Amino acid sequence: MAIVVYPGSFDPITNGHIDLIHRAAKLFNKVIVAIALNAKKKTLFSLSQRIELAKQSLADLDQVQVMGFDKLLVDFVQEQQAQVILRGLRAVSDFDYEFQLAGMNRSLASEIETIFLTPAEQYTYISSSLVKEIASMQGSVSAFVNKAVEDALLQQIR
Ligand code: ADP
């Protein structure tokens, strides 16, 4: 299997995302972390900040590329000559939305498959939104994100 695209907001990238990317890097020749501009979702970090933080968090992985995108996901996937979309499942609560998304993407581009990976147990309760909430109330997020992200959160929230 060649190229997989892992799309998301990554606002910011967490240890859960990183765990999934390490797993995907063992299965695929190339992993493209595709960070959505997502104009309708208000993000704490700008697209360029989210890209930079992901790059810093993934610097040790050769076959991982971080890119921003602002178009239909299936169009981006085809443009990158990828065949597979990766999404993460943390709990049953993720399933409904992810199932709907996978079905919609299949109806738009039937040749692209969506696959799901689950993180190691200690990452199943991590989400970007909880991390932001904790940081906004001066809680420590060092167990959930890498140092560059922790510093950026402290700076952004101050
Ligand atoms: P989106 O706004 O597209 O949901 P996210 O950055 O929140 O973007 O998540 C991108 C993908 O990563 C989703 O499939 C989500 O379920 C998955 N994900 C998020 N956090 C984790 C985690 N801790 N472990 C595994 N997968 C995760």
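These exercises, each with a worked solution, concern a predicted model.

**Exercise 1. Check the length of helix α1 against its residue count.**

Step 1. Helix α1 covers residues 15–27, which makes 13 residues.
Step 2. The expected span takes 1.5 Å times one less than the number of residues. For α1 this gives 18 Å.
Step 3. The end C-alpha atoms of α1 are 19 Å apart, so the span agrees with the expectation.

**Exercise 2. Find what caps the N-terminal end of α1, and list the buried residues of the helix.**

Step 1. The cap is threonine 14. One of its side-chain oxygens lies 3.2 Å from the backbone nitrogen of glycine 16.
Step 2. Buried means under 20% relative accessible area. In α1 the buried residues are Asn15, Gly16, His17, Ile18, Asp19, Leu20, Ile21, Ala24 and Ala25.
Step 3. Glycine 16 thus appears twice: its backbone nitrogen faces the capping oxygen, and the residue is on the buried list.

**Exercise 3. Describe the loop between β1 and α1 through phenylalanine 10 and proline 12.**

Step 1. Place both residues. Phenylalanine 10 is in the loop between β1 and α1. Proline 12 is in the loop between β1 and α1.
Step 2. Look at the backbone of phenylalanine 10. Its phi is near 45 degrees, a positive value in a residue other than glycine.
Step 3. Is phenylalanine 10 buried or exposed? Its relative accessible area is 2%, so phenylalanine 10 is buried.
Step 4. Look at the peptide bond from aspartate 11 to proline 12. The bond is cis, with omega near 0 degrees.

**Exercise 4. Give the phi, location and accessibility of glutamine 81.**

Step 1. Phi of glutamine 81 is positive, about 55 degrees, although the residue is not a glycine.
Step 2. Glutamine 81 lies in the loop between α3 (73–79) and β4.
Step 3. The cut-off for exposed is over 50%. Glutamine 81 has 61% relative accessibility, so it counts as exposed.

**Exercise 5. Characterise the largest pocket and its lining.**

Step 1. The volume of the largest pocket is about 1200 Å³.
Step 2. The lining holds 42 residues, and the closest to the pocket centre are Gly8, Ser9, Lys41, Arg87 and Tyr97.
Step 3. Which elements give two or more residues to the lining? They are β1 (3–8), α1, β4 (84–88), α4 (92–108) and α5 (128–136).
Step 4. Helix α4 gives the most, with 8 residues.
Step 5. By class, the lining residues divide into 18 nonpolar, 13 polar and 11 charged.

**Exercise 6. Work out the side-chain contacts of glutamate 98 and aspartate 94 in α4.**

Step 1. Glutamate 98 sits in helix α4. With a relative accessible area of 7%, glutamate 98 is buried.
Step 2. What joins the side chains of glutamate 98 and arginine 87? A polar contact of 2.8 Å does. Arginine 87 is also among the residues closest to the centre of the largest pocket.
Step 3. Aspartate 94 is in helix α4 too. At 14% relative accessibility, aspartate 94 counts as buried.
Step 4. The side chain of aspartate 94 reaches the backbone nitrogen of arginine 90 at 2.8 Å.

**Exercise 7. Count the aromatic pairs and classify the pair of tyrosine 125 and phenylalanine 144.**

Step 1. The count comes to 4 aromatic pairs.
Step 2. For tyrosine 125 and phenylalanine 144, the rings are 6.4 Å apart, centre to centre, with 85 degrees between the planes. Planes over 60 degrees apart count as edge-to-face, and this pair is edge-to-face.
Step 3. The pair links distant parts of the chain, 19 residues apart. Tyrosine 125 is in the loop between β5 (113–117) and α5, and phenylalanine 144 is in the loop between α5 and α6 (147–157).
Step 4. Compare the accessibility of the partners. Tyrosine 125 has 51% and counts as exposed, whereas phenylalanine 144 has 18% and is buried.

**Exercise 8. Set sequence separation beside spatial separation for leucine 58 and leucine 108.**

Step 1. Leucine 58 is in the loop between α2 (47–57) and β3 (64–69). At 3% relative accessibility, leucine 58 counts as buried.
Step 2. Leucine 58 and isoleucine 13 are 45 residues apart in sequence and 9.8 Å apart in space, C-alpha to C-alpha.
Step 3. Leucine 108 is in helix α4. Its relative accessible area is 47%, so leucine 108 is partly exposed.
Step 4. Leucine 108 and serine 48 are 60 residues apart along the chain, and 28 Å separates their C-alpha atoms.

Notes: Residues are numbered from 1 along each chain as its sequence is written. This is a predicted model: local features need pLDDT of at least 70, side-chain atom pairs count only at pLDDT 80 or more; totals for chains, interfaces and linings use all residues. Side-chain values use heavy atoms; hydrogens and water are left out. Helices (H or I, at least four residues) and strands (E, at least two) are DSSP runs, numbered from the N terminus. Buried means under 20% relative accessible area, exposed over 50%, partly exposed in between (1.4 Å probe, protein chains only). A polar contact is a pair of N or O atoms within 3.5 Å; within protein, one must be able to donate a hydrogen and the other to accept it, and residues adjacent in sequence count only if both atoms are side-chain atoms. On a 1 Å grid over the protein atoms alone, a cavity is a set of points where a 1.4 Å probe fits but cannot get out, and a pocket is an open set with protein on both sides within 12 Å along at least five of seven lines; lining residues have an atom within 4 Å of a point. Grid points are joined across faces, edges and corners, and a volume is the space filled by probe spheres set on the points. Ala, Val, Leu, Ile, Met, Phe, Trp, Tyr, Cys and Pro count as nonpolar, Asp, Glu, Lys and Arg as charged, and the others, Gly among them, as polar. Rings of Phe, Tyr and Trp (its six-membered ring) pair if their centres lie within 6.5 Å; planes under 30 degrees apart count as stacked, over 60 as edge-to-face and the rest as tilted.
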